[in-house]
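Me: Please take me through how to read this model, one feature at a time.

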Amino acid sequence: MTDAKQVKLKPGDTIGILGGGQLGRMLAMAAARLGLRCQVFSPDPDSPAFDVVLNATCAEYADVEALELFANDVDVITYEFENVPSAAAMVLDARRPVLPNRKILETTQDRLAEKDFVTRLGIGTAAYADVTSVPSLREAIARIGLPAVLKTRRFGYDGKGQAIIREGDDIAKVWTSLATKSAILEAFVPYEREISVIAARSATGQVECFDVTENEHRDHILKISRAPARIPDVLAEEARSIAGKIAGALDYVGVLAVEMFVLANGTGPKVLVNEIAPRVHNSGHWTLDGASVSQFEQHIRAIAGWPLGKPVRHGEVVTMTNLIGDEINEYDKWLSVPGATVHIYGKGAPRPGRKMGHVTEVRPTTGK
Ligand code: AMP
């Protein structure tokens with residue numbers, strides 16, 4: 001494992017990106033603007049990131065030879081998704097620096113390990129319990145109460161691998177529906193709003209957070225992000241300092257997102273951490289058009305060993321609207337909206353729930 005502090009790329013050097021989705025694509029585009037090349041590794045021949053790089057490796061993550069050849073071609077390796085198989089990360093790490101450090105994946109790939117880690121830092125989360133069977137689920141419910149959210153420990157995203165349990169539900173049936181042996185039960189948080197902090201950390205420990213973002217989901221998928229979040233300054237400061245603390249404790253190099261709930265309770269508002277994403281994040285897409293430096297550029301700068309930018313927001317309010325599934329077919333309508341910036345990911349079929357593009361609007365007031 002190479003010391004991240006030793007990585008110092010120069011223009012013309014090559015970054016390897018694991019994963020070929022829209023995040024990889026936007027990372028590669030940000031790298032290109034800084035004179036850096038990218039090579040993308042993805043098993044999917046239709047990867048949208050392949051379209052924007054000269055060299056691509058289309059192979060399975062279990063293909064050791066392909067991983068080795070890929071590593072030989074690049075100067076540093078990063079990833080655009082958190083479920084990188086640990087065996088692949090190990091093969092790569094033996095050859096080139098992998099940033100953020102692959103050890104971080106062990107914490108963030110497992111909801112229980114992640115919650116334990118956050119709790120050890122003295123940061124609040126929803127009450128939670130390890131669940132492995134129907135009896136342990138019953139015990140957890142007795143302790144945590146209902147309603148509660150049952151989540152698979154691994155591989156959950158966009159609400160997949162989750163079930164809300166309410167008073168009167170058939171517990172055994174809910175457990176079977178999740179089809180797992182390892183889950184966590186979380187207390188249902190009656191949140192006032194959902195926010196996220198996108199933080200960048202360099203190998204030298206410099207941390208730069210973007211303005212706190214407020215997120216609205218539809219059908220468990222992010223639909224709209226707004227920056228800055230409509231929360232008091234002290235709360236925004238607390239949220240940013242939580243993200244900085246997490247990044248520091250992980251000795252993180254790159255961009256990470258921390259999703260949080262804002263709770264309006266009797267003793268005043270407070271924040272609870274929901275999830276850490278060790279990568280650039282959908283709720284940070286507004287930074288491409290709404291800030292002096294984007295989350296993608298910050299990530300590239302961090303893993304290249306370059307100084308981070310100090311992000312300055314362009315407008316008073318920035319919104320980012322995801323174009324999901326068939327909504328992409330309305331792209332020409334968005335092209336005519338004054339002040340709107342349209343991003344189309346170049347994916348194939350617009351399946352329901354598939355993120356196909358997004359639109360950013362930078363506006364002087366909150367009114368639409
Ligand atoms: P997650 O996969 O953990 O990010 O959860 C997806 C979404 O489900 C979140 O953005 C929330 O809208 C909702 N959610 C997750 N956990 C909880 C919880 N403990 N209480 C209330 N809502 C939740």
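Me: Where does Pro147 lie, and what is the peptide bond from Leu146 to Pro147?

Reply: Most residues other than glycine have a negative phi, and most peptide bonds are trans. Here Pro147 sits in the loop between α6 (134-144) and β6 (148-152), and the bond that reaches Pro147 from Leu146 is cis, with omega near 0 degrees. The α and β labels stand for helices (H or I, at least four residues) and strands (E, at least two), which are DSSP runs numbered from the N terminus. This is a predicted model, in which local features need pLDDT of at least 70 and side-chain atom pairs count only at pLDDT 80 or more, while totals for chains, interfaces and linings use all residues. Residues are numbered from 1 along each chain as its sequence is written, and side-chain values use heavy atoms, with hydrogens and water left out.

Me: Which residue does a cis peptide bond join to Pro228, and where does Pro228 lie?

Reply: Pro228 is joined to Ala227 by a cis bond whose omega is about 0 degrees. Pro228 belongs to the loop between β12 (221-227) and α8 (233-249).

Me: Which residue in the loop between β11 and β12 has a positive phi although it is not a glycine?

Reply: That is Asp219, with a phi of about 50 degrees, in the loop that follows β11 (213-218) and leads to β12. Asp219 is exposed at a relative accessible area of 71%. The classes are buried (under 20% relative accessible area), exposed (over 50%) and partly exposed (in between), using a 1.4 Å probe and protein chains only. Asp251 also has a positive phi, near 50 degrees; this residue lies in the loop between α8 and β13 (254-265). Asp251 is partly exposed, because its relative accessible area is 48%.

Me: How many salt bridges does the structure hold?

Reply: Side chains of opposite charge can pair when their charged atoms come close. The structure holds 25 such bridges, each being a side-chain nitrogen of Lys or Arg within 4 Å of a carboxyl oxygen of Asp or Glu. One of them pairs Arg25 with Asp51, with 3.7 Å between the closest N and O atoms. That pair links distant parts of the chain, 26 residues apart: Arg25 is in helix α1, and Asp51 is in the loop between β2 (37-42) and β3 (55-58). Arg25 is buried at 14% relative accessible area, whereas Asp51 is exposed at 55%.

Me: Are Arg102 and Asp93 buried or exposed?

Reply: Both are buried. Arg102 and Asp93 form a salt bridge whose closest N and O atoms are 2.7 Å apart.

Me: In which helix do Lys103 and Glu106 both lie?

Reply: They lie in helix α4 (residues 103-108), three residues apart, which is about one turn of the helix. Their side chains form a salt bridge with an N to O distance of 3.9 Å. Lys103 is partly exposed, at 40% relative accessible area, and Glu106 is also partly exposed, at 45%. Elsewhere, Glu192, Arg193, Glu214 and Arg230 are joined in a network of salt bridges.

Me: How many disulfides does the structure hold?

Reply: The count is zero, where a disulfide is a pair of cysteine sulfur atoms within 2.5 Å. Take Cys38: the closest cysteine sulfur belongs to Cys58 and is 17 Å away, so the two are too far apart for a bond. Cys38 is buried, with a relative accessible area of 8%.
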